[in-house]
Amino acid sequence: MRLDQLNRGDWALSAAGVWSDPRELVAHLRDNTNYFPAAETLDWRSLCGEDARVLDLGCGSGWLTALLTREPHVREVVAWDSSPRLLGELLPVTVELLGGVVDKVEPVCGEFVPLLAEDGSFDLAVMSSAFHHSDRPDALLDELRRVLRPGAVLVLL
């Protein structure tokens with residue numbers, strides 16, 4: 001069934017089911033979104049350099065975290081989300097399903113503002129389908145500027 005054929009109640013039930021099972025979620029993202037192709041078009045090495053520490057802010061299920069941990073020049077991905085359930089239940093399984101390196105992941109449960117991280121502590125920050133969830137976008141951008149090292153990049157997918 002296509003999404004435009006679902007009524008609001010059906011969509012809520014469908015979305016709840018997808019977000020409770022990492023395998024269903026990965027299949028949904030592969031089959032119904034352009035997330036993977038969009039992320040795979042980027043030259044991550046040139047965006048963050050060698051031995052990179054990356055912030056995946058609003059990581060959700062961790063699909064982008066998984067892709068980034070597969071990059072040999074990425075040392076660590078801080079998978080940051082406000083949901084302990086997503087970080088504890090979906091993230092590790094999603095990383096594994098997508099061939100990521102679980103040992104490179106540091107899950108952090110926290111809000112967008114303030115970012116409880118040191119100044120200049122990240123070589124790259126990424127947000128996929130997350131920035132619009134900020135109720136204080138200007139403050140969030142200030143925080144991202146603060147935690148990124150000089151010359152680092154923010155990628156919004």
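1. Cysteines. A disulfide here is a pair of cysteine sulfur atoms within 2.5 Å. By that rule this predicted model comes out with 0 disulfides. Take Cys59: the nearest cysteine sulfur belongs to Cys109 and is 9.5 Å away, so with a cut-off of 2.5 Å Cys59 is in no disulfide. Being unpaired doesn't put Cys59 on the outside, though: Cys59 is buried, at 6% relative accessible area. Cys48 is buried too, with a relative accessible area of 3%.

2. The overall layout. If you're new to this chain, start with the parts list: 7 helices and 5 strands. Going along the sequence, they come in the pattern α-α-α-α-β-α-β-α-β-β-α-β. Of the 157 residues, 45% count as buried. Have a look at the contacts as well: among those between residues at least 6 apart in sequence, 73% join residues at least 24 apart.

3. Two helices that pack together. Helix α2 covers residues 22-32 and helix α6 covers residues 84-97; their axes are 9 Å apart and meet at an angle of about 60°. That angle makes α2 oblique to α6. As for handedness, the crossing of α2 past α6 is right-handed. On the α2 side, the contact is made by Pro22, Arg23, Leu25 and Val26. On the α6 side, the residues are Glu89, Leu90, Val93, Thr94 and Leu97. Sorted by type, the residues of this contact divide into 6 nonpolar, 1 polar and 2 charged.

4. Thr94, worth a closer look. This residue lies in helix α6 and is one of those that make the contact with α2. Is Thr94 buried or exposed? Thr94 is buried, because its relative accessible area is 0% and anything under 20% counts as buried. Leaving out neighbours within four places in sequence, Thr94 is in contact with Pro22 and Val26, both of which belong to the α2 side of the helix pair. The other contacts of Thr94 are Ser61, Gly62, Trp63 and Ala66.

5. Leu57, another one to click on. You'll find Leu57 in strand β1, which covers residues 52-57. Its relative accessible area is 0%, so Leu57 is buried. Which residues is Leu57 in contact with, leaving aside neighbours within four places in sequence? They are Trp80, Phe112, Leu115, Val126, Met127, Ala130, Leu140 and Leu144. There's also a pairing across the sequence to check: Leu57 and Phe131 are 74 residues apart along the chain, yet their C-alpha atoms are 8.6 Å apart in space.

6. Backbone oddities. Some background before the cases: most residues other than glycine have a negative phi, and most peptide bonds are trans. Now the exceptions. The peptide bond from Val113 to Pro114 is cis, with omega near -5°. Pro114 is found in the loop between β3 (105-109) and β4 (122-127). Asp51 isn't a glycine, but has a positive phi of about 50°. Ser129 is another residue other than glycine with a positive phi, near 50°.

7. Where those positive-phi residues are. Asp51 is found in the loop between α4 (44-48) and β1, and Ser129 is in the loop between β4 and α7 (137-147). Asp51 is partly exposed, at 48% relative accessible area. Ser129 has a relative accessibility of 30%, so Ser129 counts as partly exposed as well.

8. Pro72, out on the surface side of things. Where is Pro72? Pro72 is in the loop between α5 (63-69) and β2 (74-81). With a relative accessible area of 69%, Pro72 is exposed, because the cut-off for that is over 50%. Not counting residues up to four places away in sequence, Pro72 touches Arg45 and Lys104. Pro72 also links back to the point on Asp51: the C-alpha atoms of Pro72 and Asp51 are separated by 8.4 Å, although the residues are 21 apart along the chain.

How values were computed: Residues numbered from 1 in each chain as written. Predicted model: local features only at pLDDT ≥ 70, side-chain atom pairs only at ≥ 80, totals over all residues. Heavy atoms only, no water. Axes fitted to C-alpha atoms, helices over the stretch in contact; angles between N-to-C directions. Helix = DSSP H or I, 4+ residues; strand = E, 2+ residues; numbered from the N terminus. Parallel < 35°, antiparallel > 145°, perpendicular 65-115°, else oblique. Left-handed = near helix turned anticlockwise from the far one by under 90°. Contact = heavy atoms within 4.5 Å. Nonpolar A, V, L, I, M, F, W, Y, C, P; charged D, E, K, R; others polar. Buried < 20%, exposed > 50% of the residue type's maximum accessible area, 1.4 Å probe, protein only.
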